[in-house]
Amino acid sequence: MKKTLYIFQNGNLRRKDQTLRLETEEGNRYIPVEDTMEILIFGEVDFNKRLLEFLSQKEIILHIFNHYGYYAGSFYPREHLNSGYMILKQAMCYQNGEKRMGLAKLFISGAVHNILQVLKYYQNRGKNVASIIESIRSLQEMINASTTVEELMALEGNIRGYYYQSFDHILENENFTFENRSKQPPKNEMNALVSFGNTMLYTAVLSEIYKTHLDPRIGFLHATNFRRFTLNLDVAEVFKPVLVDRLIFSLVAKKMITAKDFDRRAGGTFLTDRGKKVFITEWDKRLKTTFKHRDLRRNVSNRRLIRLELYKIQKHLMEEKNYVPYKAKW
């Protein structure tokens, strides 16, 4: 499997013959392109047009993050698998109100199921989340009754509001209290972790979309408007509870990330460079973690699971097989 390259150093990224060279004050590092799927840049790195042409040729996506760890943008190479047929199918589904709502409801249903699985997991370990589970279940029953995407998004927001209340019960750590969801900028340590983790998931899904016939600009739950990418936001909803949130709980519970790994600046709270490196090291491990897929009856990685989800959406749009969102079972 091709690898993800994370760059935290400052320097220059250049094409060198048929490979890449990262030039830093510590020296040069050569990066074999045949083993590289995507590059995520967190440091101050300069590159040129020649590099971008080479990345496009090798079908390598480049994701850029600013000093605070915010997603700044992507170099999304020319889509080698892009399909006019699939773009038309996506557009037709988006423009058909009933079909769009059908897919949007499925994304939310998958997300809520996985939220409840996470909560039941911790309830079985003695965490006081029973009342939160009941509140979410009562809202879950309203998903199918929603008549507009806006109404569905509001319902999803209320469900996540209850879900985020559970974080304090699960962690029981005074240095990591949730309070209220805040972003751009996050106001405390827990919000900083959620925002950073969600960003990692959005970019991972975007990279997987690139390997399919789907167009990332046409989403269904998140409106296709002036945003460049929306489909990755839709699909990420399904995986946030099981990939991002459980990783956060693990990092905090094991004290791999502590209050010392955050800075308060620019009106918000952000992970330090060390904190980001720890998070990304464990995030990369989680994406590579394999499990026995109950339908395929073979081991697949969590990253591969995301790709399989996209294939299911393709089949749904082509009306070959109705989409059923991934639902975790432990």
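These legends accompany close-up views of a predicted model, centred on residues that an unreviewed UniProt entry lists under "binding site".

**View 1. The residues listed for the "binding site".** Let's start with the record: the unreviewed UniProt entry names Glu156, His222 and Glu237 for this feature. These residues span 82 residues in sequence, yet no two of their C-alpha atoms lie more than 11.9 Å apart, so they gather at one spot. Glu156, His222 and Glu237 are also included in the lining of the largest pocket.

**View 2. Glu156 and its surroundings.** Here we look at Glu156 in helix 5, which covers residues 149-171. With a relative accessible area of 11%, Glu156 counts as buried, since the cut-off for that term is under 20%. If neighbours within four places in sequence are set aside, Glu156 is in contact with Ile108 and Glu237. One of these partners, Glu237, is itself listed in the record alongside Glu156.

**View 3. Glu237 and its surroundings.** Now we move to helix 7, residues 231-253, where Glu237 is found. Glu237 is buried too, at a relative accessible area of 5%. Beyond neighbours within four places in sequence, Glu237 is in contact with Ala111, Glu156, Arg160, Leu221 and His222. Glu156 and His222, both among these contacts, are the other residues that the UniProt entry lists with Glu237.

**View 4. The pairing of Glu237 with Arg160.** In this last close-up, the side chains of Glu237 and Arg160 are joined by a polar contact of 3.1 Å. Arg160 falls within the residue range of helix 5 (149-171), while Glu237 belongs to helix 7.

How values were computed. Residues are numbered from 1 along each chain as its sequence is written. This is a predicted model: local features need pLDDT of at least 70, side-chain atom pairs count only at pLDDT 80 or more; totals for chains, interfaces and linings use all residues. Side-chain values use heavy atoms; hydrogens and water are left out. UniProt positions are given in the numbering used here, feature names are shortened, and annotations may be inferred rather than shown by experiment. On a 1 Å grid over the protein atoms alone, a cavity is a set of points where a 1.4 Å probe fits but cannot get out, and a pocket is an open set with protein on both sides within 12 Å along at least five of seven lines; lining residues have an atom within 4 Å of a point. Helices (H or I, at least four residues) and strands (E, at least two) are DSSP runs, numbered from the N terminus. Buried means under 20% relative accessible area, exposed over 50%, partly exposed in between (1.4 Å probe, protein chains only). Contact means heavy atoms within 4.5 Å. A polar contact is a pair of N or O atoms within 3.5 Å; within protein, one must be able to donate a hydrogen and the other to accept it, and residues adjacent in sequence count only if both atoms are side-chain atoms.
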